Amino acid sequence: MLDIKVIREQPDFVRERLAARGVEDAVPIAEVLSLDEQRRKYLTEVEQLKAQRNRLSKEIGVLMGQKKTAEADAKKIATREFGTRIAGLDKSVAEIETSLQQNLLRLPNLPHTSVVVGKSAADNPVVRVHGDPPVFTFKPKPHVELCESLKLIDFVRGAKLSGSGFLLYTNWGARLERGLIQFLIDLHTIEHGYTEVSPPYLVSRDCMTGVGQFPKFEDQAYAVQEGGDGSTLGRLYLVPTAEAPVANIHREEILGENQLPIYYCAYSPCFRAEAGAAGVGTRGMIRVHQFDKVELIKIVKPETSYDELEKMVANAERVLQLLGLHYRVIQLCTGDMGFASAMTYDIEVWSPGQGSYLEVSSCSNCEDFQARRMNLRFKAGTGENKFPHILNGSGTALARLFVALVETYQQTDGSITIPEKLQPYLKTDRILA
RNA sequence: GGAGAGAUGGCUGAGUGGCCUAAAGCGCAGGUUUGCUAAACCUGUGAAGGAGUAAUCCUUCCGAGGGUUCGAAUCCCUCUCUCUCCGCCA
(Lines give C-alpha, C1' and ligand atoms only; values in the text may rest on other atoms or scores of the structure.)
Protein backbone atom coordinates (compact mmCIF):
# COMPACT_ATOMS: atom_id res chain seq x y z
CA MET A 1 0.00 0.00 0.00
CA LEU A 2 1.24 3.46 -0.83
CA ASP A 3 1.58 6.09 1.86
CA ILE A 4 -1.41 8.42 1.59
CA LYS A 5 0.85 11.30 2.67
CA VAL A 6 3.11 10.73 -0.32
CA ILE A 7 0.11 10.68 -2.65
CA ARG A 8 -1.20 13.87 -1.05
CA GLU A 9 2.08 15.74 -1.10
CA GLN A 10 3.60 14.49 -4.37
CA PRO A 11 0.68 13.45 -6.57
CA ASP A 12 2.55 14.17 -9.79
CA PHE A 13 5.49 12.02 -8.78
CA VAL A 14 3.12 9.17 -7.93
CA ARG A 15 1.29 9.56 -11.24
CA GLU A 16 4.57 9.54 -13.15
CA ARG A 17 5.85 6.41 -11.38
CA LEU A 18 2.58 4.55 -11.89
CA ALA A 19 2.47 5.61 -15.51
CA ALA A 20 5.91 4.01 -15.88
CA ARG A 21 4.20 0.75 -15.01
CA GLY A 22 1.78 1.36 -17.83
CA VAL A 23 -1.32 1.44 -15.64
CA GLU A 24 -2.16 5.14 -15.80
CA ASP A 25 -5.70 4.64 -17.08
CA ALA A 26 -6.62 2.39 -14.21
CA VAL A 27 -5.17 4.62 -11.56
CA PRO A 28 -7.75 6.57 -9.58
CA ILE A 29 -5.34 9.07 -8.10
CA ALA A 30 -7.80 11.91 -8.48
CA GLU A 31 -10.40 9.81 -6.69
CA VAL A 32 -7.98 9.06 -3.86
CA LEU A 33 -7.08 12.73 -3.44
CA SER A 34 -10.72 13.75 -3.37
CA LEU A 35 -11.65 11.08 -0.84
CA ASP A 36 -8.70 12.04 1.31
CA GLU A 37 -9.79 15.67 1.29
CA GLN A 38 -13.40 14.79 2.13
CA ARG A 39 -12.26 12.52 4.90
CA ARG A 40 -10.25 15.23 6.58
CA LYS A 41 -13.05 17.75 6.22
CA TYR A 42 -15.62 15.51 7.92
CA LEU A 43 -13.11 14.34 10.48
CA THR A 44 -12.33 17.87 11.64
CA GLU A 45 -16.03 18.60 11.95
CA VAL A 46 -16.97 15.50 13.88
CA GLU A 47 -13.96 15.78 16.16
CA GLN A 48 -14.99 19.26 17.20
CA LEU A 49 -18.47 18.00 18.02
CA LYS A 50 -17.04 15.14 20.02
CA ALA A 51 -14.81 17.50 21.95
CA GLN A 52 -17.87 19.58 22.87
CA ARG A 53 -19.87 16.54 23.88
CA ASN A 54 -17.02 15.24 26.03
CA ARG A 55 -16.84 18.57 27.79
CA LEU A 56 -20.59 18.62 28.47
CA SER A 57 -20.60 15.01 29.66
CA LYS A 58 -17.88 15.82 32.09
CA GLU A 59 -19.92 18.73 33.43
CA ILE A 60 -22.93 16.45 33.85
CA GLY A 61 -20.76 14.08 35.85
CA VAL A 62 -19.78 16.91 38.17
CA LEU A 63 -23.41 18.05 38.60
CA MET A 64 -24.49 14.48 39.38
CA GLY A 65 -21.79 14.31 42.00
CA GLN A 66 -23.18 17.45 43.59
CA LYS A 67 -26.70 15.96 43.46
CA LYS A 68 -27.91 18.79 41.23
CA THR A 69 -30.07 16.40 39.25
CA ALA A 70 -32.40 19.02 37.76
CA GLU A 71 -29.49 20.91 36.19
CA ALA A 72 -27.94 17.67 35.07
CA ASP A 73 -31.14 16.52 33.40
CA ALA A 74 -31.46 19.80 31.52
CA LYS A 75 -27.93 19.44 30.26
CA LYS A 76 -28.57 15.85 29.26
CA ILE A 77 -31.38 16.89 26.97
CA ALA A 78 -29.23 19.63 25.44
CA THR A 79 -26.40 17.18 24.89
CA ARG A 80 -28.58 14.49 23.39
CA GLU A 81 -28.77 16.09 19.95
CA PHE A 82 -24.99 16.01 19.63
CA GLY A 83 -25.26 12.25 19.57
CA THR A 84 -27.34 12.11 16.41
CA ARG A 85 -25.18 14.62 14.55
CA ILE A 86 -22.04 12.78 15.57
CA ALA A 87 -23.49 9.42 14.56
CA GLY A 88 -24.34 10.76 11.10
CA LEU A 89 -20.91 12.22 10.53
CA ASP A 90 -19.17 9.13 11.91
CA LYS A 91 -21.03 7.07 9.37
CA SER A 92 -19.96 9.34 6.54
CA VAL A 93 -16.34 9.22 7.65
CA ALA A 94 -16.46 5.42 7.86
CA GLU A 95 -17.88 5.16 4.36
CA ILE A 96 -15.27 7.49 2.94
CA GLU A 97 -12.49 5.60 4.70
CA THR A 98 -13.70 2.26 3.37
CA SER A 99 -13.79 3.63 -0.13
CA LEU A 100 -10.36 5.22 0.26
CA GLN A 101 -8.93 1.98 1.59
CA GLN A 102 -10.37 -0.01 -1.30
CA ASN A 103 -8.76 2.35 -3.77
CA LEU A 104 -5.41 2.29 -2.01
CA LEU A 105 -5.35 -1.51 -1.89
CA ARG A 106 -5.69 -1.60 -5.66
CA LEU A 107 -2.76 0.71 -6.38
CA PRO A 108 0.48 -1.12 -7.18
CA ASN A 109 3.83 -0.22 -5.67
CA LEU A 110 5.96 2.53 -7.20
CA PRO A 111 8.93 1.24 -9.20
CA HIS A 112 12.32 2.29 -7.88
CA THR A 113 13.59 5.28 -9.89
CA SER A 114 16.60 3.31 -11.14
CA VAL A 115 14.45 0.64 -12.81
CA VAL A 116 14.42 0.72 -16.62
CA VAL A 117 11.15 2.06 -17.96
CA GLY A 118 9.62 -0.39 -20.38
CA LYS A 119 6.39 -1.96 -21.52
CA SER A 120 6.93 -5.71 -21.47
CA ALA A 121 9.34 -8.58 -20.97
CA ALA A 122 11.04 -7.58 -24.22
CA ASP A 123 12.38 -4.47 -22.48
CA ASN A 124 13.98 -6.28 -19.54
CA PRO A 125 17.73 -5.68 -19.44
CA VAL A 126 20.04 -8.66 -19.00
CA VAL A 127 22.18 -8.06 -15.93
CA ARG A 128 24.61 -10.97 -16.27
CA VAL A 129 24.98 -14.37 -17.87
CA HIS A 130 26.55 -17.33 -16.11
CA GLY A 131 28.34 -19.99 -18.16
CA ASP A 132 27.43 -21.15 -21.64
CA PRO A 133 24.63 -23.32 -22.97
CA PRO A 134 25.68 -26.98 -22.84
CA VAL A 135 26.85 -28.47 -26.15
CA PHE A 136 25.35 -31.78 -27.28
CA THR A 137 26.66 -34.30 -29.81
CA PHE A 138 23.03 -35.17 -30.53
CA LYS A 139 19.76 -33.30 -30.69
CA PRO A 140 18.68 -32.78 -27.08
CA LYS A 141 15.19 -33.98 -26.28
CA PRO A 142 12.57 -31.83 -24.57
CA HIS A 143 11.75 -32.68 -20.97
CA VAL A 144 8.31 -34.13 -21.75
CA GLU A 145 9.89 -36.85 -23.87
CA LEU A 146 12.60 -37.56 -21.30
CA CYS A 147 10.17 -37.66 -18.40
CA GLU A 148 7.95 -40.10 -20.26
CA SER A 149 10.71 -42.41 -21.41
CA LEU A 150 12.35 -42.47 -17.97
CA LYS A 151 8.94 -42.65 -16.27
CA LEU A 152 9.69 -39.65 -14.07
CA ILE A 153 6.28 -38.12 -14.56
CA ASP A 154 2.95 -39.62 -15.56
CA PHE A 155 1.35 -36.70 -17.35
CA VAL A 156 -1.73 -38.61 -18.44
CA ARG A 157 -2.62 -39.93 -15.02
CA GLY A 158 -1.82 -36.60 -13.37
CA ALA A 159 -4.46 -35.04 -15.59
CA LYS A 160 -6.82 -37.94 -14.86
CA LEU A 161 -6.60 -37.20 -11.14
CA SER A 162 -7.00 -33.43 -11.17
CA GLY A 163 -7.19 -32.12 -14.72
CA SER A 164 -4.55 -30.54 -16.89
CA GLY A 165 -1.81 -28.71 -15.07
CA PHE A 166 -1.37 -31.30 -12.34
CA LEU A 167 1.60 -33.62 -12.22
CA LEU A 168 1.99 -37.17 -10.97
CA TYR A 169 5.67 -37.66 -10.17
CA THR A 170 6.64 -41.31 -10.23
CA ASN A 171 9.58 -43.35 -9.03
CA TRP A 172 12.85 -41.48 -9.73
CA GLY A 173 10.92 -38.37 -10.68
CA ALA A 174 9.34 -38.24 -7.24
CA ARG A 175 12.71 -38.86 -5.62
CA LEU A 176 14.41 -36.17 -7.67
CA GLU A 177 11.75 -33.66 -6.67
CA ARG A 178 12.08 -34.57 -2.98
CA GLY A 179 15.87 -34.54 -3.15
CA LEU A 180 15.89 -31.10 -4.71
CA ILE A 181 13.68 -29.68 -1.97
CA GLN A 182 16.00 -31.07 0.68
CA PHE A 183 19.09 -29.82 -1.16
CA LEU A 184 17.69 -26.30 -1.49
CA ILE A 185 16.63 -26.00 2.13
CA ASP A 186 19.97 -27.30 3.36
CA LEU A 187 21.83 -24.83 1.17
CA HIS A 188 19.93 -21.77 2.30
CA THR A 189 19.79 -22.65 5.99
CA ILE A 190 23.25 -24.12 6.52
CA GLU A 191 25.24 -21.98 4.10
CA HIS A 192 23.23 -18.79 3.65
CA GLY A 193 21.96 -18.24 7.19
CA TYR A 194 18.21 -18.43 6.66
CA THR A 195 15.92 -19.84 9.36
CA GLU A 196 13.80 -22.72 8.16
CA VAL A 197 10.05 -22.46 8.65
CA SER A 198 7.27 -24.74 7.50
CA PRO A 199 4.09 -22.71 7.08
CA PRO A 200 0.41 -23.57 6.61
CA TYR A 201 -0.57 -24.12 2.98
CA LEU A 202 -3.97 -22.54 3.52
CA VAL A 203 -4.02 -18.91 4.54
CA SER A 204 -6.54 -16.26 5.49
CA ARG A 205 -7.74 -13.46 3.30
CA ASP A 206 -5.71 -11.03 5.41
CA CYS A 207 -2.49 -12.81 4.51
CA MET A 208 -3.33 -12.67 0.82
CA THR A 209 -4.12 -8.97 1.09
CA GLY A 210 -0.98 -8.35 3.12
CA VAL A 211 1.39 -9.49 0.39
CA GLY A 212 -0.64 -7.80 -2.35
CA GLN A 213 -2.25 -10.88 -3.93
CA PHE A 214 -5.68 -9.58 -2.99
CA PRO A 215 -7.89 -7.87 -3.88
CA LYS A 216 -6.55 -7.53 -7.40
CA PHE A 217 -5.67 -11.15 -8.22
CA GLU A 218 -8.38 -12.93 -6.31
CA ASP A 219 -9.43 -14.94 -9.39
CA GLN A 220 -6.02 -16.60 -9.51
CA ALA A 221 -6.29 -18.23 -6.11
CA TYR A 222 -7.90 -21.52 -5.16
CA ALA A 223 -10.42 -20.88 -2.39
CA VAL A 224 -11.35 -23.54 0.12
CA GLN A 225 -14.63 -23.39 1.95
CA GLU A 226 -14.91 -24.67 5.48
CA GLY A 227 -18.35 -26.13 6.01
CA GLY A 228 -19.67 -24.92 2.68
CA ASP A 229 -22.33 -22.50 3.88
CA GLY A 230 -21.33 -19.98 1.23
CA SER A 231 -20.16 -17.31 3.64
CA THR A 232 -16.73 -15.79 3.23
CA LEU A 233 -16.09 -16.39 6.92
CA GLY A 234 -14.01 -19.50 7.32
CA ARG A 235 -12.84 -19.32 3.74
CA LEU A 236 -9.18 -20.05 3.23
CA TYR A 237 -6.91 -19.84 0.22
CA LEU A 238 -4.33 -22.29 -1.07
CA VAL A 239 -0.99 -20.52 -1.05
CA PRO A 240 0.22 -19.35 -4.48
CA THR A 241 3.67 -19.10 -2.89
CA ALA A 242 5.13 -19.56 0.59
CA GLU A 243 5.56 -15.79 0.55
CA ALA A 244 1.87 -15.49 1.48
CA PRO A 245 2.18 -17.13 4.91
CA VAL A 246 5.86 -16.46 5.65
CA ALA A 247 5.94 -12.72 4.90
CA ASN A 248 2.91 -12.43 7.21
CA ILE A 249 4.48 -14.23 10.16
CA HIS A 250 5.01 -10.95 12.01
CA ARG A 251 1.95 -9.12 10.71
CA GLU A 252 0.59 -6.50 13.10
CA GLU A 253 3.66 -6.75 15.29
CA ILE A 254 6.14 -4.13 16.38
CA LEU A 255 9.57 -5.70 16.12
CA GLY A 256 12.63 -4.56 18.03
CA GLU A 257 15.30 -3.00 15.86
CA ASN A 258 17.77 -5.63 17.06
CA GLN A 259 15.54 -8.41 15.69
CA LEU A 260 16.31 -7.25 12.16
CA PRO A 261 17.24 -8.48 9.67
CA ILE A 262 15.07 -11.60 9.68
CA TYR A 263 15.80 -14.29 7.08
CA TYR A 264 13.27 -17.07 6.51
CA CYS A 265 13.44 -20.03 4.17
CA ALA A 266 10.38 -22.17 3.52
CA TYR A 267 9.37 -25.00 1.28
CA SER A 268 5.76 -25.14 0.12
CA PRO A 269 3.73 -26.39 -2.77
CA CYS A 270 2.33 -23.46 -4.76
CA PHE A 271 -1.20 -23.44 -6.16
CA ARG A 272 -2.12 -21.15 -9.02
CA ALA A 273 -5.47 -21.22 -10.71
CA GLU A 274 -4.41 -18.73 -13.42
CA ALA A 275 -7.91 -18.49 -14.78
CA GLY A 276 -7.95 -18.22 -18.54
CA ALA A 277 -4.45 -19.60 -18.96
CA ALA A 278 -5.55 -23.12 -19.77
CA GLY A 279 -4.44 -24.38 -23.14
CA VAL A 280 -1.71 -21.77 -23.59
CA GLY A 281 1.70 -23.41 -23.43
CA THR A 282 0.44 -25.81 -20.86
CA ARG A 283 2.06 -28.95 -22.14
CA GLY A 284 4.63 -30.46 -19.78
CA MET A 285 5.90 -28.92 -16.57
CA ILE A 286 6.50 -25.33 -17.58
CA ARG A 287 3.15 -23.94 -16.49
CA VAL A 288 1.17 -25.96 -13.98
CA HIS A 289 -1.46 -25.39 -11.30
CA GLN A 290 0.64 -26.94 -8.56
CA PHE A 291 4.40 -26.86 -8.19
CA ASP A 292 6.96 -26.99 -5.41
CA LYS A 293 9.09 -24.04 -4.42
CA VAL A 294 11.61 -23.10 -1.78
CA GLU A 295 11.06 -19.47 -0.92
CA LEU A 296 13.31 -16.91 0.73
CA ILE A 297 11.86 -14.03 2.75
CA LYS A 298 13.71 -11.15 4.36
CA ILE A 299 12.41 -8.48 6.72
CA VAL A 300 15.02 -5.73 6.94
CA LYS A 301 15.69 -2.12 7.83
CA PRO A 302 14.86 0.24 4.94
CA GLU A 303 18.39 1.53 4.49
CA THR A 304 19.77 -1.98 3.88
CA SER A 305 17.07 -3.40 1.63
CA TYR A 306 18.79 -2.97 -1.73
CA ASP A 307 22.01 -4.56 -0.46
CA GLU A 308 19.87 -7.37 0.91
CA LEU A 309 18.23 -7.79 -2.49
CA GLU A 310 21.61 -8.26 -4.18
CA LYS A 311 22.59 -10.84 -1.56
CA MET A 312 19.30 -12.67 -2.02
CA VAL A 313 19.78 -12.90 -5.78
CA ALA A 314 23.29 -14.24 -5.19
CA ASN A 315 21.81 -16.88 -2.82
CA ALA A 316 19.39 -18.01 -5.51
CA GLU A 317 22.08 -18.01 -8.20
CA ARG A 318 24.20 -20.26 -6.01
CA VAL A 319 21.62 -23.00 -6.53
CA LEU A 320 22.15 -23.03 -10.28
CA GLN A 321 25.91 -22.70 -9.94
CA LEU A 322 26.13 -25.73 -7.65
CA LEU A 323 23.95 -27.71 -10.04
CA GLY A 324 26.12 -26.69 -13.01
CA LEU A 325 23.32 -25.04 -14.94
CA HIS A 326 23.61 -22.21 -17.43
CA TYR A 327 21.52 -19.18 -16.52
CA ARG A 328 21.15 -15.44 -16.82
CA VAL A 329 19.89 -12.73 -14.51
CA ILE A 330 17.59 -10.06 -15.83
CA GLN A 331 16.02 -7.07 -14.19
CA LEU A 332 12.34 -6.55 -14.81
CA CYS A 333 11.45 -3.26 -16.43
CA THR A 334 8.75 -1.05 -14.93
CA GLY A 335 6.03 -2.53 -17.14
CA ASP A 336 6.82 -6.16 -16.28
CA MET A 337 7.13 -5.99 -12.51
CA GLY A 338 4.75 -7.58 -10.04
CA PHE A 339 2.11 -5.59 -8.18
CA ALA A 340 3.96 -5.29 -4.86
CA SER A 341 7.50 -4.89 -6.11
CA ALA A 342 9.72 -1.82 -6.37
CA MET A 343 12.55 -3.75 -8.01
CA THR A 344 12.73 -7.32 -9.27
CA TYR A 345 15.46 -9.56 -10.61
CA ASP A 346 14.50 -12.74 -12.41
CA ILE A 347 16.84 -15.67 -12.78
CA GLU A 348 16.32 -17.68 -15.93
CA VAL A 349 17.81 -21.12 -16.40
CA TRP A 350 18.68 -22.52 -19.80
CA SER A 351 16.43 -25.22 -21.20
CA PRO A 352 18.24 -27.13 -23.97
CA GLY A 353 15.02 -28.88 -24.97
CA GLN A 354 13.13 -25.63 -25.48
CA GLY A 355 16.15 -23.71 -26.68
CA SER A 356 15.16 -20.86 -24.38
CA TYR A 357 15.48 -19.55 -20.85
CA LEU A 358 12.95 -20.45 -18.15
CA GLU A 359 12.19 -18.27 -15.13
CA VAL A 360 13.11 -20.21 -11.99
CA SER A 361 13.45 -17.38 -9.54
CA SER A 362 12.06 -13.93 -9.02
CA CYS A 363 13.61 -11.80 -6.28
CA SER A 364 11.83 -8.62 -5.31
CA ASN A 365 12.27 -5.75 -2.93
CA CYS A 366 8.76 -4.67 -2.01
CA GLU A 367 10.12 -1.93 0.25
CA ASP A 368 7.42 -0.98 2.78
CA PHE A 369 4.48 -1.73 0.47
CA GLN A 370 3.58 -5.05 2.13
CA ALA A 371 4.55 -3.95 5.64
CA ARG A 372 1.98 -1.16 5.37
CA ARG A 373 -0.69 -3.57 4.24
CA MET A 374 -0.03 -5.91 7.15
CA ASN A 375 0.78 -3.15 9.63
CA LEU A 376 4.16 -4.64 10.45
CA ARG A 377 6.50 -2.16 12.08
CA PHE A 378 9.75 -2.00 14.01
CA LYS A 379 10.86 0.40 16.69
CA ALA A 380 13.77 2.37 15.31
CA GLY A 381 16.62 3.63 17.51
CA THR A 382 15.01 7.05 17.44
CA GLY A 383 11.99 5.59 19.23
CA GLU A 384 9.63 5.99 16.30
CA ASN A 385 7.82 3.08 14.71
CA LYS A 386 8.80 2.50 11.11
CA PHE A 387 7.77 0.08 8.41
CA PRO A 388 10.50 -2.43 7.57
CA HIS A 389 11.21 -3.48 4.01
CA ILE A 390 10.13 -6.95 2.95
CA LEU A 391 11.87 -8.97 0.26
CA ASN A 392 10.91 -12.24 -1.30
CA GLY A 393 12.74 -14.50 -3.68
CA SER A 394 12.43 -17.97 -5.05
CA GLY A 395 15.30 -20.16 -4.11
CA THR A 396 14.12 -21.67 -6.42
CA ALA A 397 10.95 -22.88 -8.14
CA LEU A 398 11.14 -26.63 -8.65
CA ALA A 399 9.23 -27.78 -11.73
CA ARG A 400 11.30 -25.67 -14.11
CA LEU A 401 14.52 -26.48 -12.29
CA PHE A 402 13.55 -30.13 -12.80
CA VAL A 403 13.13 -29.44 -16.53
CA ALA A 404 16.53 -27.76 -16.82
CA LEU A 405 18.28 -30.57 -14.95
CA VAL A 406 16.71 -33.36 -16.95
CA GLU A 407 17.39 -31.65 -20.27
CA THR A 408 20.91 -30.45 -19.43
CA TYR A 409 22.12 -33.78 -18.07
CA GLN A 410 20.57 -36.09 -20.68
CA GLN A 411 22.95 -38.58 -22.31
CA THR A 412 23.12 -40.19 -25.74
CA ASP A 413 21.63 -43.41 -24.39
CA GLY A 414 18.61 -41.59 -22.96
CA SER A 415 19.78 -41.73 -19.34
CA ILE A 416 20.38 -38.75 -17.06
CA THR A 417 23.43 -38.09 -14.94
CA ILE A 418 22.98 -36.49 -11.54
CA PRO A 419 25.14 -33.50 -10.55
CA GLU A 420 27.58 -34.31 -7.77
CA LYS A 421 25.91 -32.04 -5.22
CA LEU A 422 22.59 -33.84 -5.64
CA GLN A 423 23.95 -37.38 -5.50
CA PRO A 424 23.84 -37.64 -1.67
CA TYR A 425 20.15 -36.74 -1.80
CA LEU A 426 19.22 -39.18 -4.58
CA LYS A 427 21.63 -41.93 -3.56
CA THR A 428 22.58 -42.41 -7.19
CA ASP A 429 24.69 -40.71 -9.85
CA ARG A 430 22.47 -41.64 -12.77
CA ILE A 431 18.89 -42.34 -13.74
CA LEU A 432 18.84 -45.13 -16.29
CA ALA A 433 16.56 -45.49 -19.23
C1' G B 1 -18.46 -31.62 18.88
C1' G B 2 -19.49 -30.68 24.68
C1' A B 3 -18.19 -27.80 29.24
C1' G B 4 -15.53 -23.91 31.50
C1' A B 5 -12.05 -19.67 31.65
C1' G B 6 -10.09 -15.68 29.20
C1' A B 7 -8.54 -11.46 25.39
C1' U B 8 -6.23 -4.35 28.58
C1' G B 9 0.12 -0.54 26.05
C1' G B 10 6.68 -3.59 23.58
C1' C B 11 5.69 -7.58 27.74
C1' U B 12 3.29 -9.06 32.62
C1' G B 13 -0.95 -7.35 34.92
C1' A B 14 -4.81 -4.08 38.04
C1' G B 15 -9.13 -1.78 36.88
C1' U B 16 -17.40 -3.59 37.23
C1' G B 17 -20.87 3.63 34.57
C1' G B 18 -18.16 9.87 35.52
C1' C B 19 -10.35 13.44 37.36
C1' C B 20 -9.29 6.19 33.38
C1' U B 21 -5.76 11.90 31.29
C1' A B 22 -5.55 3.29 32.31
C1' A B 23 -2.41 1.62 38.54
C1' A B 24 1.90 -1.18 39.31
C1' G B 25 5.98 -3.96 37.63
C1' C B 26 9.27 -5.44 33.63
C1' G B 27 11.59 -3.60 29.36
C1' C B 28 13.45 0.70 26.83
C1' A B 29 15.71 5.94 26.63
C1' G B 30 18.15 9.93 29.15
C1' G B 31 20.50 11.55 33.69
C1' U B 32 23.12 11.17 38.66
C1' U B 33 26.64 8.32 41.22
C1' U B 34 30.96 5.48 39.47
C1' G B 35 38.42 3.60 37.87
C1' C B 36 35.60 -0.06 34.11
C1' U B 37 31.44 -3.33 34.06
C1' A B 38 27.41 -4.23 37.04
C1' A B 39 24.13 -2.23 40.54
C1' A B 40 21.38 1.66 42.85
C1' C B 41 18.65 6.11 42.44
C1' C B 42 16.08 10.08 39.52
C1' U B 43 13.38 11.45 35.16
C1' G B 44 10.97 10.14 30.86
C1' U B 45 8.53 6.48 27.88
C1' G B 46 1.62 3.47 24.04
C1' A B 47 -0.54 3.77 18.98
C1' A B 48 -3.20 5.93 14.84
C1' G B 49 -5.24 10.25 12.87
C1' G B 50 -6.68 15.51 12.42
C1' A B 51 -6.09 21.17 13.02
C1' G B 52 -2.05 24.83 13.29
C1' U B 53 3.93 28.53 10.56
C1' A B 54 4.75 26.98 15.54
C1' A B 55 4.33 26.26 20.82
C1' U B 56 0.22 23.50 21.24
C1' C B 57 -4.69 21.63 20.93
C1' C B 58 -8.30 17.92 19.57
C1' U B 59 -10.29 12.94 18.27
C1' U B 60 -10.11 7.76 18.33
C1' C B 61 -8.15 3.10 20.22
C1' C B 62 -8.69 -1.76 26.32
C1' G B 63 -10.01 -8.85 20.69
C1' A B 64 -13.93 -7.33 16.41
C1' G B 65 -18.81 -5.43 15.30
C1' G B 66 -23.49 -3.67 17.02
C1' G B 67 -26.64 -1.72 21.21
C1' U B 68 -28.03 1.04 25.98
C1' U B 69 -26.44 6.07 27.98
C1' C B 70 -25.40 12.96 28.38
C1' G B 71 -21.07 9.68 29.15
C1' A B 72 -18.67 2.64 28.32
C1' A B 73 -12.25 -0.82 29.30
C1' U B 74 -16.60 -1.34 32.67
C1' C B 75 -23.61 -2.96 31.26
C1' C B 76 -26.35 -5.89 27.01
C1' C B 77 -26.20 -8.71 22.13
C1' U B 78 -23.45 -11.09 18.07
C1' C B 79 -18.89 -12.83 16.26
C1' U B 80 -13.55 -14.16 16.24
C1' C B 81 -9.48 -16.04 18.63
C1' U B 82 -6.65 -18.24 22.84
C1' C B 83 -6.24 -21.54 27.10
C1' U B 84 -8.03 -25.86 30.27
C1' C B 85 -10.88 -30.37 30.61
C1' C B 86 -13.91 -34.15 28.00
C1' G B 87 -15.24 -36.67 23.34
C1' C B 88 -13.70 -37.94 18.37
C1' C B 89 -9.50 -38.42 15.26
C1' A B 90 -4.08 -38.95 11.79
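A residue is termed exposed when its relative accessible area is over 50%, and buried when that value is under 20%, with partly exposed in between. In the predicted model described here, Lys427 has a relative accessibility of 67% and therefore counts as exposed. Lys427 is placed in the loop between α13 (423-426) and β16 (430-431). Its backbone has a phi near 60°, a positive value in a residue other than glycine.

A second positive phi, of about 50°, is found at Asn375, which is likewise not a glycine. Asn375 belongs to the loop that runs between α11 (369-374) and β12 (377-379). With a relative accessibility of 33%, Asn375 lies between the two cut-offs and so counts as partly exposed. Most residues other than glycine have a negative phi, and most peptide bonds are trans.

Departures from the trans form were also found. The peptide bond that joins Phe214 and Pro215 is cis, with omega at about 5°. Pro215 sits in the loop between α8 (205-210) and β4 (223-225). Another cis peptide bond links Gly395 to Thr396, again with omega at about 5°. Thr396 is part of strand β14.

Strand β14 spans residues 389-397 and contains His389. The relative accessible area of His389 is 10%, which is under 20%, so the residue is classed as buried. The side chain of His389 makes a polar contact of 2.8 Å with the side chain of Ser305. When residues up to four places away in sequence are not counted, His389 touches Lys298, Ile299, Val300, Pro302 and Ser305, together with Asn365, Glu367 and Asp368. Ser305 thus appears both among the residues touched by His389 and as its partner in the polar contact.

Glu177 was examined in the same manner. This residue lies in helix α7, which covers residues 171-191. Its relative accessibility is 4%, and because this is under 20%, Glu177 counts as buried. Leaving aside residues up to four places away in sequence, Glu177 touches Tyr169, Asp292, Leu398 and Phe402. The C-alpha atom of Glu177 is separated by 9.5 Å from that of Leu426, although the two residues are 249 residues apart along the chain.

In terms of accessibility, Glu177 and His389 are thus buried, Asn375 is partly exposed, and Lys427 is exposed.

Technical notes
Residues are numbered from 1 along each chain as its sequence is written. Chains are lettered from A and ligands numbered from 1 in the order in which they are written. This is a predicted model: local features need pLDDT of at least 70, side-chain atom pairs count only at pLDDT 80 or more; totals for chains, interfaces and linings use all residues. Side-chain values use heavy atoms; hydrogens and water are left out. Helices (H or I, at least four residues) and strands (E, at least two) are DSSP runs, numbered from the N terminus. Buried means under 20% relative accessible area, exposed over 50%, partly exposed in between (1.4 Å probe, protein chains only). Contact means heavy atoms within 4.5 Å. A polar contact is a pair of N or O atoms within 3.5 Å; within protein, one must be able to donate a hydrogen and the other to accept it, and residues adjacent in sequence count only if both atoms are side-chain atoms.
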